[in-house]
Amino acid sequence: MANRRALARGGARIAAGVIGVAVAAATIGAATLLPLPSVERTPLSVQVRPVPADQQRVCPGGLLELGADASASSISAFAAPQRVDGSVGGAVDGAVSRRGLKPVGVVAGAADAAPAVIDVAPSAAGAAPQIAGAQSQTAAREVLAGLAAASCTEANADSWLVGGATTLGQTSLVLLSNPSAVQATVDLSVYSESGILTAPGAQGIVVDPGTQRIVPLAGIAPNAQAPVVHVESAGGTVAASLQQSLVRGIKPSGVDVVGPTAQPARQQLISGMIVSDIAAAQSAGGSEGSSSAMPAVRVLAPGRTAAKVTVSVVPENGKQVGTTTSATVPAGTVQELPLDKLVDGAYTVSVNSDQPIVVAARTTDIRRTGEDFGWFAASPRLADSILVPVAPGPAAALHLANPGAHEVTVHVPSDSGAGPSTAVTVPAGGGTSVALGSPGRTVVLHGTAGLVASVGLVGVQGIASYPLAPAGPQAQQITVYPR
């Protein structure tokens with residue numbers, strides 16, 4: 001009997017334990033299945049829109065001569081360029097402030113030939129203003145002749161210069177302008193037809209605040225037929241440009257100032273490539289010089305993969321037949337693709353690739369009075385409005401290209417600004433141009449979103465062009481979470 005009672009008590013204890021475990025398991029399961037009470041609180045935040053900063057552009061300065069005096073390495077600026085600048089939406093509409101930069105190593109020249117910085121402050125309403133400037137200059141010297149024009153550009157930490165050469169008869173100078181109050185340290189990476197070039201003097205170039213450093217490209221990339229220069233700066237930002245001049249035998253045969261081209265991308269657009277007197281260029285194509293006098297597109301594939309490139313050239317007047325050229329550009333090298341089936345006129349150039357590329361086009365203008373060449377840089381698409389600087393020069397024209405699927409109409413103001421504007425229709429996938437009339441002024445255009453544009457100059461003095469680029473991105477609204 002005692003054993004039975006003990007067994008009964010033990011069974012009861014076991015049953016109670018099992019029941020307790022079951023109850024605990026049920027409680028835990030319910031806790032996982034049933035929603036638990038929660039407390040939510042949205043963190044305190046404040047929307048802050050930064051005050052628009054002053055807008056600033058840098059003009060590269062007057063044309064430079066290398067070895068103009070007894071020293072073969074000396075640099076001199078012989079004359080000042082003609083400049084035009086202006087603004088809209090600033091503290092004082094149309095007004096800009098100007099100051100010069102000190103060109104380091106320039107031993108002689110006109111004081112007003114120095115590079116210039118133009119600034120405009122935002123209006124009292126706080127809206128971001130627009131500012132623009134451009135310069136042009138004609139040379140007729142023993143070793144320097146032709147027409148050069150350039151826009152005044154924003155200083156950046158990363159720029160690409162497509163142009164220049166360092167072969168026989170060619171002089172190329174890289175201009176590094178630092179408009180900031182902070183010292184800039186610049187590295188130059190130079191690509192050529194044989195790949196990327198290395199040189200000790202290309203790294204760690206110090207550009208002091210308020211100065212311009214001039215770097216002869218031949219010291220970094222000797223005997224380069226088709227260089228492309230990648231400019232990277234740390235600390236202060238720099239406005240980079242390149243001056244190229246050519247002497248055939250003992251005859252000066254052109255000069256130009258090349259501004260930055262568009263950043264690497266799979267599609268690059270060039271508006272207003274001007275071909276002038278192609279018959280004379282064909283006759284001179286095999287003469288002495290770094291490359292043929294024929295029109296060409298210079299292409300760099302800066303990555304590690306070869307780029308399959310297609311170049312489409314469409315005439316602006318829509319009456320002539322365009323051309324298409326295809327090629328494979330090895331990784332890290334530069335190729336010049338000739339455009340030898342064109343006639344005189346203005347063209348829109350579209351370069352498409354399966355890899356990011358940088359490009360620019362070059363043409364030569366051979367006249368009875370002399371020879372000149374011009375570089376045509378690629379540029380990004382514009383915003384809805386743009387302030388266009390019309391540099392002094394011959395037959396200034398606005399060139400517009402439309403990569404979109406629908407035609408766009410832009411109204412160009414009259415010379416005086418008081419008369420009726422000119423309606424310019426830019427066809428889808430094509431381009432057009434309009435004469436800008438009186439030079440030395442700025443013109444405001446609206447409805448330009450998605451277009452690509454440039455200003456071209458061509459006449460007895462020579463040929464030149466500069467792209468129109470939208471302003472860099474402004475500071476955007478940010479969210480601040482106070483502690």
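User: Contact means heavy atoms within 4.5 Å. Among contacts between residues at least 6 apart in sequence, what percentage joins residues at least 24 apart?

Analyst: This is a predicted model, where local features need pLDDT of at least 70, side-chain atom pairs need 80 or more, and totals for chains, interfaces and linings use all residues. Residues are numbered from 1 along each chain as its sequence is written, and side-chain values use heavy atoms, without hydrogens or water. Among the protein's contacts between residues at least 6 apart, the share joining residues at least 24 apart is 78%.

User: How many helices and strands are there?

Analyst: Both are DSSP runs numbered from the N terminus: helices are H or I, at least four residues, and strands are E, at least two. The count for the protein is 2 helices and 36 strands.

User: What share of the protein's residues is buried?

Analyst: Buried means under 20% relative accessible area, exposed over 50%, and partly exposed in between (1.4 Å probe, protein chains only). The protein has 483 residues. The buried share is 47%.

User: Is S159 buried or exposed?

Analyst: S159 is found in strand β12. It touches V229, H230, V231, A240, P260 and Q263, leaving aside residues up to four places away in sequence. Its relative accessibility is 5%, so S159 counts as buried.

User: Which strand gives the most to the largest nonpolar core?

Analyst: A nonpolar core joins buried Ala, Val, Leu, Ile, Met, Phe, Trp, Tyr and Cys through side-chain atoms within 4.5 Å. The largest has 34 residues, and V174, L176, V186, L188, V229 and V231 touch the most other members. Several strands each supply at least two residues, including β12 (158-162), β13 (170-178) and β18 (228-235). With 5 residues, the top contributor is β14.

User: How many residues are in the other core, which includes I270 and V329?

Analyst: That core lies apart from the largest one. M273 and V275 are also among its members. Its size is 31 residues.

User: How many residues of β19 are buried?

Analyst: Both faces of β19 are covered. On one side A239, S241, Q243, S245 and V247 are buried, and on the other A240, L242, Q244, L246 and R248 are too. The strand is therefore largely enclosed by the rest of the structure, with a buried count of 10 of the 10.

User: Which residue in β20 is the bridge partner of Q243?

Analyst: Two strands pair if DSSP finds at least two bridges between them. β19 and β20 (residues 251-258) pair in the antiparallel sense over 6 bridges. They form a hairpin with 2 residues between them, and G249 in the turn has a positive phi of about 70°. Opposite Q243 in β20 stands V257.

User: Which residue in β19 is the bridge partner of L173?

Analyst: β13 and β19 run antiparallel, joined by 8 bridges. β13 is also joined to β17, by 6 antiparallel bridges. In β19, L173 is matched with Q243.

User: Which residue in β17 stands opposite K102?

Analyst: Strand β7 (residues 102-103) pairs with strand β17 (residues 211-216). The sense is parallel, over 2 bridges. Opposite K102 is T211.

User: Which strands stand at the edges of the open sheet β2-β9-β6?

Analyst: The sheet has 3 strands with antiparallel pairing. β2 pairs with β9 (residues 116-120) over 5 bridges, and Q56 has D119 in β9 as its bridge partner. Each edge strand has a single partner, so one side is left without a neighbour in the sheet; the edges are β2 and β6.
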